[in-house]
Amino acid sequence: MEHVVIIGNGISGITAARHIRKQSDCKITVISGETDHFFSRTALMYVYMGHMKFEHTKPYEDWFWEKNRIELKRAWVKTVDFEEKKLYFRLPNDDNDKEAKIGGSISYDKLILALGSTPNKFGWKGQNLKGVQGLYSYQDLESLQEMTPQIKKAVIVGGGLIGVELAEMLHSREIDVTFLVRESSFWNTVMPPEESALISRHIAENHINLQFSSELDEIIGDENGQVKAIRTKSGDEIECQFVGLTVGVSPNIALLKVPQGNMIGREKPAFVLGVGGIKLNRGILVNEYLETNIPDVYAIGDCAEHETPQKDRKNIEQIWYTGRIMGETVARTICGKPTKYQPGIFFNSAKFFDIEYQTYGQVPAELPSDTKTFYWEHSSGKICVRINYQANSAELPLRRTDPKAVMGVNTFGIRMRHEVWDEWITSGKSIEYVLENLPTANFDPEFFKQYEKEILEKYNAETGSSLILKSKKGIFSKLPFVNRHS
Amino acid sequence: MLQKLGLFIFLAAFGLFIGTLGMNNYKLTNEILEKNFKEDALLDAKIELASMIDQNYSNSYTFASELSEGINQLNKVYNAQQAWDKKIYEDTILSIVKASANGYLTDNKGLMFLLTFGLAIIGALLFILPEIQKPAGIKNDGIYFNPAMTRKWLGISIGTFLIVFYIALYFKPQYIANWTMLVDPVSKLINGGEASRWFMYGFLYTISVLVMGIRYIIRYRHSKYQIFRTLSIMFFQTCIAFILPEIMSNLNLPSADLKNMWPLDYSFFFNYRIDKLIAGGTFGIFLLIWGIVLFVVGVPVMVYFFGKRWYCSWVCGCGGLAETLGDPFRQLSDKSLKAWKIERYLIHGVLAFAIIMTIGVLYTYFTGSYNLLGFIPTESLKSSYGFLIGSIFSGVVGTGFYPLMGNRVWCRFGCPLAAYLGIIQRFKSKFRITTNGGQCISCGNCSTHCEMGIDVRAYAQKGQDIVRSSCVGCGVCSAVCPRGVLNLENAETGTRVMIAPDVLLGNLMEK
Ligand SMILES: Cc1cc2nc3c(=O)[nH]c(=O)nc-3n(C[C@H](O)[C@H](O)[C@H](O)COP(=O)(O)OP(=O)(O)OC[C@H]3O[C@@H](n4cnc5c(N)ncnc54)[C@H](O)[C@@H]3O)c2cc1C
Ligand code: SF4
Ligand code: SF4
């Protein structure tokens with residue numbers, strides 16, 4: 001019986017395992033050093049804030065794995081021998097094992113690398129002091145929990161999604177939070193200015209001390225090696241007992257790196273050869289079938305880097321949904337039905353304190369020259385919708401591109417239907433059509449105030465058009481284009 | 001600060017409330033016996049209780065237990081004589097205790113009412129209202145650090161208190177006679193008479209729903225669905241369940257809780273109730289027909305359009321208490337597959353029991369025979385249902401176990417009406433909880449806070465709609481979802497996604 005071994009029990013590895021099981025009878029082993037069972041990384045914050053217990057973050061009950069004949073092994077993989085098709089484990093409890101001591105091995109026929117990410121550290125002075133950490137793993141959560149009683153003031157460095165989550169977490173435990181953001185407004189490398197301002201206001205409103213255009217210079221420790229303050233590049237010292245480093249994550253490929261790798265090739269992506277000759281750049285390089293350059297070895301999720309990403313997608317996308325889609329895809333290939341990784345229209349979502357955010361399609365921070373934008377914001381300053389649409393026709397993947405065809409949407413404080421937006425963007429519906437039918441996309445709970453009329457009126461005023469709402473959301477929903485089977 | 005003060009006031013009032021049980025002196029007199037016993041039993045009582053007559057008791061507990069012992073003796077004799085109609089029930093003992101009481105509490109009912117109920121309400125509100133200063137949104141911070149909400153010492157204490165309370169209320173009301181006395185002033189105001197234990201219970205129940213309803217509204221004030229739903233519950237409990245029946249009986253009409261229905265209202269078809277309604281003239285007949293139409297026509301039609309939520313989380317009293325007083329405990333429901341299995345056996349078992357019991361009762365009513373099919377004794381069916389389901393399950397376990405098994409123990413495992421509503425919701429309804437494409441991040445907030453123990457995430461992460469007979473449509477899963485994945489909707493029945501798609505939205509590989 002073929003043996004598929006998966007390193008990594010995160011969303012990508014587990015999705016692959018589940019889908020392989022659905023389609024095949026082969027032996028499946030999932031290895032992870034982090035936890036015994038798959039848990040939802042995205043929910044770590046809720047455990048810290050006391051909304052749930054760790055066991056609630058596990059999407060499947062513990063009996064699920066045995067019932068579905070998915071073997072779980074709790075161990076850290078120390079190295080891989082691609083020629084022998086064998087993995088070697090690190091000795092248990094031996095984090096500092098520099099020599100080649102080995103705690104057992106396992107053979108595979110097919111190997112899926114689903115190693116995830118690790119938080120970035122940029123070589124700051126003091127970055128390894130006690131009280132300095134990122135937030136990624138279960139162990140990070142544990143150490144944060146352990147330190148919490150001693151923390152009165154905390155500094156968070158780096159303004160991304162994990163940074164806001166960490167701010168919200170610390171805030172919920174009544175810790176003073178200073179948030180150092182290198183940019184001049186929150187997350188403005190990803191968000192257009194208005195949205196970025198909206199989030200910044202909301203973060204400040206929650207009593208987080210947001211410092212923009214402020215960069216970390218060094219972290220200062222006391223005699224016990226515990227952090228006591230940080231200094232910014234402009235020379236300010238801020239006292240703190242905890243520093244959260246949330247300056248992004250990088251593929252977790254330490255396992256595959258060899259000490260002296262030379263960059264090969266000048267074309268993008270250039271690569272180095274890692275253990276056993278596997279091609280690495282920032283992540284593990286894979287082709288569109290998620291295959292690495294080594295036969296029978298695949299990489300998915302956060303650790304994978306696409307050599308030829310689909311147009312307008314990045315080559316590394318460290319988000320939940322893409323990990324899941326890669327897992328679904330690689331399972332097909334492994335079960336004998338080679339399938340290309342083809343994520344559809346981009347989507348994502350997040351929550352900033354109390355404001356929910358969803359996005360579909362492309363809404364870059366800076367407006368491309370071929371794109372127009374329509375933005376509406378509610379007077380409360382907490383709800384907004386931005387729709388980007390095509391200025392002229394152009395050649396783009398996945399969708400029709402008539403002038404005025406919608407390309408993407410950002411929505412804050414209004415939930416919208418994934419199916420509807422996916423369909424609108426794919427079929428290139430015009431901004432006018434979309435605005436007239438916006439209530440169809442409304443996914444807010446019943447009785448919530450609706451803003452479609454106000455939104456449409458703003459568009460009419462700006463463009464001198466006289467569009468009217470053509471659909472309505474009543475107590476009985478109509479579910480359009482929904483390909484539903486019961 | 002204000003909240004601490006509120007908590008302090010509440011605890012002081014609660015302490016006093018418990019303390020009132022030890023207040024008053026008790027003296028049983030012949031007049032009291034004469035008032036409370038039918039002539040044929042009076043002499044027996046006077047003899048049996050002779051040692052108590054005109055004795056002063058400084059403590060309600062000794063008084064009530066001696067009294068109960070005496071009456072137990074009497075009942076034993078009557079049992080032996082098969083003199084069923086002479087038997088003495090809890091309500092008589094309770095009113096004897098009440099009548100025998102004298103002292104500070106009896107003389108200062110109004111003041112004591114204010115110091116217990118009044119202060120408790122004020123304290124609770126002081127504790128609850130300041131929450132409004134926090135920004136609106138989901139505020140679940142610290143739930144799992146709170147000893148009351150996580151089956152720690154405080155939760156277990158609250159549970160124990162509630163269990164003892166329900167046992168006393170149903171089976172030993174003589175020990176809580178002083179509590180009924182506290183609400184006499186309210187009872188006088190509303191219906192002119194003294195408070196029965198059920199009046200006391202109804203009042204306490206309504207107050208709990210109202211005060212904790214305010215808490216719930218503040219907590220979920222960003223959601224109009226939650227606000228409307230809670231106002232509806234508060235309205236139905238206060239006006240329809242509590243006040244309206246009192247008004248009806250003031251008008252000498254047969255009284256009824258118009259929103260309660262068979263089989264939750266399991267005694268609806270009991271002979272004494274049917275007789276009373278029929279004796280009640282046109283209005284009585286109307287109530288009888290209303291009660292039948294409600295479950296025969298009302299339930300299927302409403303559930304078809306809106307799901308069982310129209311009743312369970314918008315109208316029902318049990319649901320109302322669960323959603324308000326019980327809200328802090330919603331996360332304690334068991335989400336395991338095993339619990340779901342037990343749930344299905346239990347709740348449908350109770351429904352079957354209720355149906356058989358009612359058939360038996362009606363059979364006896366129409367034929368006068370006490371044996372259904374010749375061998376099922378209808379009277380013991382009726383009394384065991386009343387005891388096991390009506391009192392123990394719905395009361396003692398149903399509410400007493402809030403802090404141990406979550407706030408919907410009764411609704412989930414026991415309520416026969418919920419089972420009936422659920423069958424229709426599962427097989428013929430427009431209602432479903434829609435999941436939003438591929439947006440779920442499997443965080444588990446929805447499952448954790450689902451009071452019915454539904455593993456909502458298991459559906460959401462597969463892109464399948466949640467169509468479950470037990471879902472009461474409280475909407476909390478949708479509210480707590482940080483990614484906007486869940487939505488309670490009514491739409492064409494055929495559009496419910498009952499089978500998870502092979503791959504979720506966002507993946508273009510051929511399906
Ligand atoms: C706090 C936080 C919040 C987030 N919120 C969101 C969100 O809201 N939305 C979103 O889209 N994304 C979010 N993300 C990102 C998302 O969680 C990741 O993209 C996703 O979990 C990656 O899944 P994965 O399966 O690729 O890797 P991982 O989940 O990282 O799994 C990899 C596993 O492999 C193990 N492993 C690695 N090397 C070895 C080895 N040598 N031996 C044994 N085991 C090994 C790791 O320990 C880990 O358990 C969040 C991330 C974090 C940290
Ligand atoms: S599934 Fe959602 S709406 Fe239904 S009972 Fe559970 S939390 Fe309430
Ligand atoms: S709360 Fe929302 S995102 Fe989290 S598991 Fe439930 S449906 Fe998914």
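Helices and strands here are DSSP runs, numbered from the N terminus, with at least four residues for a helix and at least two for a strand. With that in hand, here's a tour of the structure, which is a predicted model.

Let's start with a small backbone oddity in chain A. A:K85 sits in the loop between β4 (77-81) and β5 (86-89) of chain A. Its phi is positive, about 55 degrees, although A:K85 is not a glycine.

Chain B has a backbone detail to look at too. Find the peptide bond between B:W262 and B:P263: it is cis, with omega at about 5 degrees. B:P263 belongs to the loop between α12 (224-250) and α13 (271-279) of chain B.

Now for the helices of chain B. Two packed helices are described by the angle between their axes and the distance between the axes. Here are three pairs to look up:

| Helix pair | Angle | Axis distance | Crossing |
|---|---|---|---|
| α8(B) (153-171) and α18(B) (378-400) | about 150 degrees | 8 Å | right-handed |
| α8(B) and α11(B) (197-219) | roughly 145 degrees | within 10 Å | left-handed |
| α4(B) (60-81) and α5(B) (90-100) | about 140 degrees | 11 Å | right-handed |

Take α8(B) and α18(B), which pack at about 150 degrees with their axes 8 Å apart. Angles over 145 degrees count as roughly antiparallel, so that label fits α8(B) and α18(B). On the α8(B) side, the contact is made by B:G159, B:L162, B:I163, B:Y166, B:I167, B:Y170 and B:F171. From α18(B) come residues including B:F387, B:G390, B:S391, B:I392 and B:V396. Sorted by class, the residues of this contact are nine nonpolar and seven polar, with no charged ones.

α8(B) also packs against α11(B), and their axes cross at roughly 145 degrees. Here α8(B) brings B:F165, B:Y166, B:L169 and B:Y170, while α11(B) supplies B:R197, B:W198, B:M200, B:Y201 and B:L204. That contact divides into eight nonpolar residues, no polar ones and one charged. You may recognise B:Y166 and B:Y170, since they are also listed in the contact with α18(B).

The pair α4(B) and α5(B) packs at about 140 degrees, and these helices are therefore oblique to each other. B:F63, B:L67 and B:I71 of α4(B) meet B:I93, B:I96, B:V97 and B:S100 of α5(B). By class, that gives six nonpolar residues, one polar and no charged.

On to the ligands. Which chains surround ligand 1? Residues from both A and B do, so the site is shared between chains. There are 33 residues around ligand 1, and the ones that come nearest are A:S12, A:E34, A:Y136, A:D302 and B:R483. A couple of those can be followed down to the atoms. A:E34 has a polar side-chain atom 2.5 Å from an oxygen atom of ligand 1. A:Y136 likewise places a polar side-chain atom 2.5 Å from an oxygen atom of the ligand. The backbone joins in as well: a polar backbone atom of A:G33 is 3.2 Å from a nitrogen atom of ligand 1.

Ligand 2 is surrounded by residues of chain B, among them B:I433, B:C450, B:M452, B:C471, B:C474 and B:C477. What classes make up the shell around ligand 2? Nine of its residues are nonpolar and two are polar, with no charged ones.

Last comes ligand 3, with 13 residues around it. The closest are B:C440, B:C443, B:G444, B:C446 and B:C481. Two elements of chain B, α22 (445-449) and α23 (456-460), each give two or more residues to this shell. By class, the shell around ligand 3 has nine nonpolar residues, three polar and one charged.

Terms used:
Residues numbered from 1 in each chain as written. Chains lettered and ligands numbered in written order. Predicted model: local features only at pLDDT ≥ 70, side-chain atom pairs only at ≥ 80, totals over all residues. Heavy atoms only, no water. Axes fitted to C-alpha atoms, helices over the stretch in contact; angles between N-to-C directions. Parallel < 35°, antiparallel > 145°, perpendicular 65-115°, else oblique. Left-handed = near helix turned anticlockwise from the far one by under 90°. Contact = heavy atoms within 4.5 Å. Nonpolar A, V, L, I, M, F, W, Y, C, P; charged D, E, K, R; others polar. Near = heavy atom within 4 Å. Polar contact = N/O pair within 3.5 Å; in protein donor to acceptor, adjacent residues only side chain to side chain.
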